[in-house]
Amino acid sequence: MHETTPATTPVPPQAPAGLASRALRPAVELLTQRPATVGELVSAGGVSRRGIEALLNGWRAGDTPGLDVDAETWSLNDPLRSEVIGTWGLEQPQPAGRFLEPEVRTRLEGWARSLPRPRRELDHRPATHDGVAARLDLIDRQLDLRGANVLVLGARDLDALALAADGRVGVVAALDVDDAVLAAVGAARLSTASPTRRWCDVRVGLPASLTGWADLVVTDPPYTPAGMAAFLAVASAALAGPQSKIAVSYGFGETRATLGWQVQREMLRADLALCAMWPGAVTYDGAEAIGGRADLYLLAPTGRDGNHTEAAHNLYTQGPAAARSATEPDAQPADIANKVANDLARADSATTGAAGSAQAIGVRRLLGGEQAPKLQVGAVPVVDLRGDPGGWLPRVLLALQSQAAVLVCDVDSHDRSPDPAPRSDVDGRGWVEAHLRAHWRLTPADRATDGADLLVARRIDGAPTPPAALADDASADRPQLPPLVGRGHANPRNVIAEWLTRTPDPEARLTRRQARVASSDHLASLGIEVRPGDSLIDLPLDAIAALLADPVPG
């Protein structure tokens with residue numbers, strides 16, 4: 001789970017014209033060899049007149065002289081000519097097919113050994129290693145990736161590791177809804193900077209630290225219209241500007257043109273322009289429904305907002321979410337959960353004196369906002385976690401600022417089996433039992449319901465102490481560790497730094513500046529990279545577990 005932070009890893013130099021440098025290179029080479037008109041420069045590489053004029057105007061606005069025009073013929077002279085040759089690397093050979101080299105396939109095979117089994121309910125149909133290499137090769141031939149920020153939305157195919165290991169990309173971010181996949185990505189040992197790993201469920205939204213960040217987004221969404229729409233909404237939110245691109249793999253087979261049209265229509269509804277499409281470019285294991293092939297689309301933002309509606313629950317073609325897609329969710333579990341929560345609120349009011357009742361909170365609102373939703377006085381939140389891919393439950397308990405909650409969950413076969421097998425602690429209830437048992441206790445509700453499990457969650461370490469309640473004088477009620485649980489929406493670096501300035505031990509208390517440095521160093525020692533705008537629940541669960549086990553320096 002070791003990640004290399006940008007502060008300690010040299011960032012590769014950026015291409016002189018960003019992703020467009022690859023297309024502009026023939027025109028630049030021509031102009032360094034002889035004078036040329038704009039028309040000749042356009043013909044050299046197929047870049048539009050506006051693109052050529054932007055290139056020339058950029059040089060003309062620079063501090064280095066040497067660009068002249070005479071009767072619409074442009075010439076590039078020293079010292080600017082020498083500078084351009086060096087900046088663009090025109091005297092260096094341009095390697096082609098780097099992602100098709102046998103070493104890349106060997107690396108992919110090695111990394112894949114750490115991956116968990118494909119999950120049917122998440123439409124896991126992994127691309128072959130040759131398919132991943134072919135996808136990255138096509139992107140590399142079309143775009144100049146040097147120094148680019150690349151976001152891989154859906155990390156199971158290991159594109160993020162291949163891009164990071166290549167060494168030309170600036171920073172790579174690997175996002176996935178499956179924490180086990182993120183753990184496998186984190187387990188890789190690279191000589192270059194490792195990918196930044198973040199948990200992302202497109203139904204919840206993009207982590208705030210990556211909004212408007214990416215020069216390129218690479219994604220392989222579920223092959224449903226709703227899946228494509230949700231993934232493109234998140235991908236669009238990640239784009240850094242009008243020159244950014246989205247590379248999407250999608251296939252529908254030769255007999256399902258209607259499905260293909262429906263999904264392609266979502267690309268247009270997102271107000272993305274189709275720049276290129278390579279038929280059958282990516283090969284897959286076990287994807288017989290699409291012939292084991294997918295096309296690769298290269299999309300560009302148009303500057304319009306797009307039709308980014310709230311993400312539907314039925315993103316996938318299989319599993320419980322898909323089974324519910326044709327009908328309205330059963331209201332019975334929610335009704336019974338509200339009754340259980342009302343009973344809890346009445347019981348608590350007898351001791352606290354604050355009358356409360358059930359308060360329904362949606363997962364998207366709870367996990368996707370910048371802060372936890374405000375609760376009514378004495379309210380017991382009810383959260384519907386049906387369809388949880390595994391990461392919702394732990395993060396809900398990290399984010400909730402309440403003493404109790406009622407959770408509506410999918411049926412847990414472990415709990416209902418006469419001989420339950422040990423749960424995996426990668427995510428879900430197994431992770432909660434392994435890492436949050438000192439903070440939350442989960443017990444089945446007294447009332448049962450068909451088709452769902454009702455769990456009562458109770459805090460067992462007291463309510464999280466708000467920062468304003470921390471005073472300089474010692475107090476028996478003061479928490480002895482940073483209140484990470486209950487502050488899931490806060491940046492963990494800030495939470496730890498705040499605690500270090502108010503620790504009960506006066507000799508260990510630090511100034512704000514010292515605390516910020518100590519907090520950053522501590523996270524780095526755990527191999528955890530935290531960016532401005534990150535929250536605790538954005539991190540992969542293996543990183544959160546490491547932090548909960550060792551929350552403070554020393």
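This is a dialogue on how some labels in a predicted model are justified.

Trainee: What is the overall make-up of the protein, in helices and strands?
Mentor: The protein has 19 helices and 15 strands. Of its 554 residues, 50% count as buried. Among contacts between residues at least 6 apart in sequence, 68% join residues at least 24 apart.

Trainee: Why is glycine 110 called partly exposed?
Mentor: Its relative accessibility is 27%. Buried means under 20% and exposed means over 50%. The value falls in between, so glycine 110 counts as partly exposed.

Trainee: Where is glycine 110 found?
Mentor: In helix α5, residues 102-112. Glycine 110 and alanine 188 are 78 residues apart in sequence. In space their C-alpha atoms are 9.0 Å apart.

Trainee: What makes helix α7 largely enclosed by the rest of the structure?
Mentor: Count its buried residues. They number 8 of the 8 in residues 159-166, so α7 is largely enclosed. Among them are Asp159, Leu161, Leu163 and Asp166.

Trainee: Which elements do the buried residues of α7 pack against?
Mentor: They pack against helices α5, α6 (129-142) and α8, and against strands β4, β5 and β7 (216-219). Contact here means heavy atoms within 4.5 Å. Just after α7, glycine 167 takes a positive phi of about 90 degrees.

Trainee: Why is helix α14 called largely enclosed?
Mentor: The count settles it again. In residues 392-399, 8 of the 8 are buried, so the rest of the structure largely encloses α14. The buried residues include Trp392, Arg395 and Ala399.

Trainee: How do you know that β4 and β5 pair?
Mentor: Pairing needs at least two bridges. Strands β4 (149-153) and β5 (171-176) have 5 bridges, so they count as paired. The sense is parallel. Leucine 153 stands opposite leucine 175 in β5.

Trainee: Which sense do β2 and β3 pair in, parallel or antiparallel?
Mentor: Antiparallel. Strands β2 (67-70) and β3 (73-76) share 4 bridges. Aspartate 70 has threonine 73 in β3 as its bridge partner. The hairpin has 2 residues between the strands, and alanine 71 takes a positive phi near 55 degrees there.

Trainee: What makes β6 and β9 the edge strands of the open sheet?
Mentor: First, the order. The sheet has 7 strands, running β6-β5-β4-β7-β8-β10-β9, with mixed pairing. Strands β6 (196-199) and β9 (272-283) each pair on one side only. Neighbouring strands are turned by 20 degrees against each other on average, direction ignored.

Trainee: Where does helix α8 lie?
Mentor: Helix α8 (179-187) lies across β5 and β6. The helix runs at about 170 degrees to β6. Angles go from 0 to 180 degrees between N-to-C directions, so α8 and β6 point in nearly opposite directions.

Trainee: How many residues line the largest pocket?
Mentor: It is lined by 30 residues. Lining residues have an atom within 4 Å of a pocket point. Arg119, Asp388, Pro389, Gly390 and Asp427 lie nearest the centre. Helices α11 (319-323), α15 (413-416) and α16 (428-435) each give two or more residues to the lining. Helix α16 gives the most, with 3.

Trainee: How much space lies in the largest pocket?
Mentor: About 830 Å³.

Trainee: What is the lining of the largest pocket made of?
Mentor: It divides into 12 nonpolar, 7 polar and 11 charged residues. Take Gly390, near the centre as listed. Glycine counts as polar, so Gly390 belongs with the polar residues. Arg and Asp count as charged, so Arg119 and Asp388 belong with the charged ones.

Conventions:
Residues numbered from 1 in each chain as written. Predicted model: local features only at pLDDT ≥ 70, side-chain atom pairs only at ≥ 80, totals over all residues. Heavy atoms only, no water. 1 Å grid on protein atoms, 1.4 Å probe; cavity = no way out; pocket = protein on both sides within 12 Å on 5 of 7 lines; lining within 4 Å. Points joined across faces, edges and corners; volume = space filled by probe spheres on them. Buried < 20%, exposed > 50% of the residue type's maximum accessible area, 1.4 Å probe, protein only.
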